[in-house]
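Please look through the fold shown here, beginning with its strands and ending with what packs against them.

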Amino acid sequence: MSTTAYSSTRRIDVQDPPPDGVDLRSAMRLFPTGVALLCTGTGRRAVGMTVNALMSVSLAPPRILVSVLRTARAHPVLCESRSFSVHFLSDRQAAVAGLFASRDKPCGTALEALVERDVLPAALATLQCSVEQVFQGGDHSLFLSRVESIGHGEKDGEPLVFHRGILGTTHR
């Protein structure tokens, strides 16, 4: 059975039974998001991951929220270190986003060297953050974090965005 919801522009059929994770993922691919690299830990414990579930929560004081899958390699390191950097990737960094979304992502000192050499010079901005609270949200944890510092990088780059399962720019 399906019910109907009305918007000001058109009729929307609402599913019954409720949607599952596959349905939600399919719908969320239609919502464009920015792409960032989250790095946490130091030395041998340094890990990074591509994220797009990131939002500004408060300007005064500066706070962001980032969502991390609880089975992600970075999750326990982030819970332990309680600090991270997030690099807003430019349109020239699709390969970096792909690498850190893969199982073969660099870690440890190799990650630290790659960030210094390849990520920072082309990133649009970098936020250094400390975790204030962690909320459980199903299969993810939500990290409410204080922004400790902001570094601006690439001045002429366009943001890297994720839409319909594809990495691209705002100017297709």
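In β5, which residue is the bridge partner of L37? It is T50. This is a predicted model, in which local features need pLDDT of at least 70 and side-chain atom pairs count only at pLDDT 80 or more, while totals for chains, interfaces and linings use all residues. Residues are numbered from 1 along each chain as its sequence is written, and side-chain values use heavy atoms, with hydrogens and water left out.

Helices (H or I, at least four residues) and strands (E, at least two) are DSSP runs, numbered from the N terminus. Two strands pair if DSSP finds at least two bridges between them. β4 and β5 run antiparallel and are joined by five bridges. Six residues lie between the strands of this hairpin, where G41 takes a positive phi near 80°.

The hairpin belongs to an open sheet of seven strands with antiparallel pairing, in the order β5-β4-β8-β9-β10-β7-β6. β5 and β6 (54-59) are at the edges with a single partner strand each, so one side of each has no neighbour in the sheet. On average, neighbouring strands are turned by 30° against each other, direction ignored. Within the sheet, twelve bridges pair β9 with β10 in the antiparallel sense, and L127 has I150 as its bridge partner in β10.

α3 packs on this sheet and touches β4 and β5, its direction making about 115° with that of β5. Such axes are lines fitted to C-alpha atoms, for helices over the stretch in contact, and angles run from 0 to 180 degrees between N-to-C directions. In α3 (residues 94-101), V96, A97 and F100 are buried, meaning under 20% relative accessible area, with exposed over 50% and partly exposed in between (1.4 Å probe, protein chains only). These residues cover an arc of only 100° around the axis, which puts them on the same side of α3; the arc is that of the directions from the helix axis to the C-beta atoms. Their cover includes β4, β5, α4 (108-119) and β12 (166-168). Four of the five residues of β5 are buried, so this strand is largely enclosed by the rest of the structure.

A nonpolar core is a set of buried Ala, Val, Leu, Ile, Met, Phe, Trp, Tyr and Cys residues joined through side-chain atoms within 4.5 Å. The largest has 19 residues, and M49, I64 and F84 have the most contacts inside it. A second, separate core of 13 residues includes L37, C39, A97 and V119.

Notes. Contact = heavy atoms within 4.5 Å.
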